[in-house]
Amino acid sequence: MSGLADFSSAIPATPPRAASLPHAPPGDVAGARKAAEDFVAFFFSQSLESVFGAMSSDKMFGGGSGEDIYRSLLTQEYGKIIARTGGLGIADAVQRDIVHLQEIQ
C-alpha cells in the first residue's frame with residue numbers, strides 16, 4: 001500500500017455543525033402568510049407550466065423562444081394572482097402549519 005495516498009487525515013473526526021436554518025419568530029402570522037402565499041404561487045405556477053406546455057402555439061402570432069420566456073412569466077403571474085385571491089384554500093392550510101411549526105420551535 002505504499003503507492004496509495006493516505007487521505008484519513010483529510011477527513012474530520014467530527015462532522016461540521018449544520019448551519020442553523022433561518023426561522024420566523026413564534027407568532028409571526030404576517031410572515032407565515034407571506035411564506036404560504038409564496039408557496040402557493042410557486043405550486044400553481046408549476047402546475048400551469050405543465051398545462052400551457054402541452055398547448056401548441058398559434059403559428060400566426062406565436063412560436064419561438066420568446067414565446068416560451070413570456071409564457072413562463074405569464075404562468076408565474078397567474079400563480080401569484082391565484083395565491084393572492086385564495087388559492088383554493090391551500091394558503092390557509094399552509095399558513096396554519098407554518099404557525100403551528102413556529103409554536104413548536
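Which residue forms a salt bridge with lysine 80? The legends below take up this pair together with other close-up views of the structure, which is a predicted model.

**View A. A salt bridge between lysine 80 and glutamate 77 in helix H2.** The partner of lysine 80 is glutamate 77, and the closest N and O atoms of the two residues are 3.3 Å apart. Both residues belong to helix H2, which covers residues 64–84, and they are separated by 3 residues, about one turn of the helix. Lysine 80 is partly exposed, with a relative accessible area of 39%, and glutamate 77 is likewise partly exposed, at 38%.

**View B. Arginine 33 and aspartate 92 joined by a salt bridge.** Here the side chains of arginine 33 and aspartate 92 meet with an N to O distance of 2.6 Å. Because arginine 33 lies in helix H1 (residues 29–53) and aspartate 92 in helix H3 (residues 90–104), the pair ties together parts that are 59 residues apart in sequence. Arginine 33 has a relative accessible area of 22% and is therefore counted as partly exposed, since the buried class is reserved for values under 20%. Aspartate 92 is also partly exposed, with a relative accessible area of 36%.

**View C. Lysine 34 and aspartate 38 paired within helix H1.** Lysine 34 forms a salt bridge with aspartate 38, and their closest N and O atoms lie 3.0 Å apart. The two residues are both found in helix H1, where a spacing of 4 residues, about one turn of the helix, separates them. Each partner is partly exposed: the relative accessible area is 49% for lysine 34 and 40% for aspartate 38.

**View D. Salt bridges in the structure as a whole, with a view of one network.** In total, the structure holds 5 salt bridges, among them the pair of lysine 80 and glutamate 77 in helix H2. Salt bridges that share partners also join Arg33, Glu37 and Asp92 into one network. As a general point, side chains of opposite charge can pair when their charged atoms come close.

**View E. A nonpolar surface patch made by Ile69, Tyr70 and Leu73.** These three residues, Ile69, Tyr70 and Leu73, together make a nonpolar patch of about 340 Å² on the surface. Isoleucine 69 has its place in helix H2, and with a relative accessible area of 51% this residue is classed as exposed, because the exposed class begins over 50%.

Notes. Residues are numbered from 1 along each chain as its sequence is written. This is a predicted model: local features need pLDDT of at least 70, side-chain atom pairs count only at pLDDT 80 or more; totals for chains, interfaces and linings use all residues. Side-chain values use heavy atoms; hydrogens and water are left out. A salt bridge is a side-chain nitrogen of Lys or Arg within 4 Å of a carboxyl oxygen of Asp or Glu. Buried means under 20% relative accessible area, exposed over 50%, partly exposed in between (1.4 Å probe, protein chains only). Patches are made of residues with over 30% relative accessible area and no salt bridge: like charges are joined within 9 Å, nonpolar side chains (Val, Leu, Ile, Met, Phe, Trp, Tyr) within 5 Å. Accessible areas come from the Shrake-Rupley method with a 1.4 Å probe; for residues, only the protein chains shown count as cover.
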